[in-house]
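Trainee: Please take me through this one, a topic at a time.

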Amino acid sequence: MRKVSKSDKSMENSKQKDSYEMLSLPKTIEKLKLIDLASTELKKDMEKLVNNKFDIYTQNETDWVKIWPKIIGPELFSDCVIPIKKQTKIIGDLLPNVRKFLIKKNDMIVNYGIKWAGRNKADLKELLEEESWIAENTTYSERGYRLTFGLKTRGCEYWSEDKLKMGCLNCGYFAGVAFETDITSEELVKQFNHAIDYADSNYKIKYDTIEILSDGSFLNNNEVPPDAREKIFKIISKKKNVKRVLVETRTEFIDKKEVEKLLKILRKDQELEIGIGLETADRFIINFLIHKGFEKDSFENVVKLLHDLERVKLVAYCLVKPAFLTDKEAIEDTVKTVIFLEGLNKKYNMDITPKLEPVVVAEGTLLEILNQKKKNDPTYYKPPSYWSIMEILARLADKGMLDLLVIGAREDMDVFKAIPAIEYDIGQLSKIDFLVYGAIQQFNKHRKMTRLLADIEPAFKDRSFKEWMNKNKIKKSAIQKLREKYSAEIKVIQSEPRYLKRTEFFEKLFDCLDKIEYGKKTQDLAAHGKIRELNKHIKSLLKENLGNITVYIGNQELLDYGLKLLRMNINIHSKEINEKHSIWLGIPTSRYVGLEEV
């Protein structure tokens, strides 16, 4: 073997330097495999920017991070709520460090799909004739209730065709799909009919809205064939109580002729809403933190395409707090996104409903991986507080932008690990969490900000509000300003018989929840895993204290925040005040010094 001389090494170093001098920014990013996270539009803009302006030269390929704030940030992402310095850290440090976890996420999804599709054929056939999930929630309509369910389709094509096999980084809508299984139109129609029959037999409150929230795009022919769509819409057209139907899709699958065809099938008094996951109007966030595959320009093109159609509305899902954002940044980003949508409303004279979707941490996603990290880890993720959702509503109310806005329900996610909620520092949910959450869901029906503020008034006595302000370094929130502005109106509402009855109900409920969370019997039952006996005891306590209610106990999971908690979901429908509430509790599973005996 020939020995390498000093002159050879010098020449080799010189060639290496020359090669770095010729390196362009897109190639550098591609080496870190981050270019794949960018949409087609952003790739073109980045390449154009670099090719027109300069070439990069550096001794170390990671030194390009120093150039990001000077070249890319100011021109492409200067209006992002995330400071340039933090953008640089995310791109140069945080994202590359979690790439191996993104691969793990993909493996989780694939393994789940293989397990699902690996069932025996008899079971599989039966499963393919039932909906994936079903629920009834509040909404903005005359009756105020919507029937929501998902169909088992092949799943989102954007994810399955993605060469990185990641799809949207926040999305967990794969749990209810028939993973790469051939689904016939007949099976999809049977699933739809099964959902309708179940709802009509089991739900006493009659809905006037149907939302088909399948895990993917309803308007994609490869996921839901045209003949299946038409048969489903013919069934909907015969439902006299249904005045509105919503389907979800990505922008690339929207065809005006197909939309017109579906409109003709519906009755003249029925409206079609098309839900699209815009998520955010911010280029940096939508490309690198969500990996959406399209941007706000694609959404605007859909508005241009459909704005002249009667009985068609668009619903733009706005993701509140994607990965790596703080609550404060998420508030600012969501407000900016709604302002963008308000501009489109005026520009095209088309009703576009911004629907806030506070992030639920779904299984098998990047967010789940980040949520499992230690709290002092820079990549640790926690869903937004509902005080942050209230702050968004207060800021938009001040701008007069609440007319069309609605807020999604956290129960709409079928498989999840963490929910948006009001928590204390130890991780236990505040007892007023359900009060604020429920009042926000009721706001979807009554649309009155003063009533919302009056309904959550007891929550301001809870320490969680001050903790939220301190954590987010907010000296005076928009919520406080609105409370002061409408103080007279709030007092009038609080003197109404409805409000007094409601206050009495919640006082009893708070007392009952204390007995459930801190009672020796419930803690002992939880600690010994006697879930059936625990559920029976909880139902008995609630009915004994609250009278005419129906109770359903849902998800239960053991969590460890240093204090081991049995996290559980309880749904209560009070016939006395005519409200439904979804309550999340954390029952300590062993006795600790300082817990009150009840």
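**Salt bridges, core and cavity**

Trainee: Which residues are linked with Arg451 in a network of salt bridges?

Mentor: Bear in mind that this is a predicted model: local features need pLDDT of at least 70, side-chain atom pairs count only at pLDDT 80 or more, and totals for chains, interfaces and linings use all residues. Residues are numbered from 1 along each chain as its sequence is written, and side-chain values use heavy atoms, with hydrogens and water left out. A salt bridge needs a side-chain nitrogen of Lys or Arg within 4 Å of a carboxyl oxygen of Asp or Glu. Linked with Arg451 in the network are Asp455, Arg498, Arg502 and Glu579.

Trainee: How many residues apart in sequence are the parts that Glu579 and Arg498 tie together?

Mentor: Helices (H or I, at least four residues) and strands (E, at least two) are DSSP runs, numbered from the N terminus. The side chains of Glu579 and Arg498 meet in a salt bridge at 4.0 Å, N to O. Glu579 sits in strand 13 and Arg498 in helix 21, so the distance in sequence between the parts they tie together is 81 residues.

Trainee: Which word fits Glu579, buried or exposed?

Mentor: Buried means under 20% relative accessible area, exposed over 50%, and partly exposed in between (1.4 Å probe, protein chains only). Arg498 is partly exposed at 30%. Glu579 has 2% relative accessibility, so the word for it is buried.

Trainee: Which residues have the most contacts inside the largest nonpolar core?

Mentor: Such a core is a set of buried Ala, Val, Leu, Ile, Met, Phe, Trp, Tyr and Cys residues joined through side-chain atoms within 4.5 Å. The largest one has 121 residues. Those with the most contacts inside that core are Phe233, Trp387, Met390 and Leu542.

Trainee: What is the volume of the second largest cavity?

Mentor: On a 1 Å grid over the protein atoms alone, a cavity is a set of points where a 1.4 Å probe fits but cannot get out, and lining residues have an atom within 4 Å of a point. Points are joined across faces, edges and corners, and a volume is the space filled by probe spheres set on them. The count is three cavities of 30 Å³ or more. For the second largest, the space is about 50 Å³.

Trainee: Which element gives the largest share of that cavity's lining?

Mentor: The lining includes Phe434, Leu513 and Trp584. Two or more lining residues come from each of helix 16 (433-446), helix 21 (497-518) and strand 13 (579-588). The largest share, three residues, comes from strand 13.

Note on methods. On a 1 Å grid over the protein atoms alone, a cavity is a set of points where a 1.4 Å probe fits but cannot get out, and a pocket is an open set with protein on both sides within 12 Å along at least five of seven lines; lining residues have an atom within 4 Å of a point.
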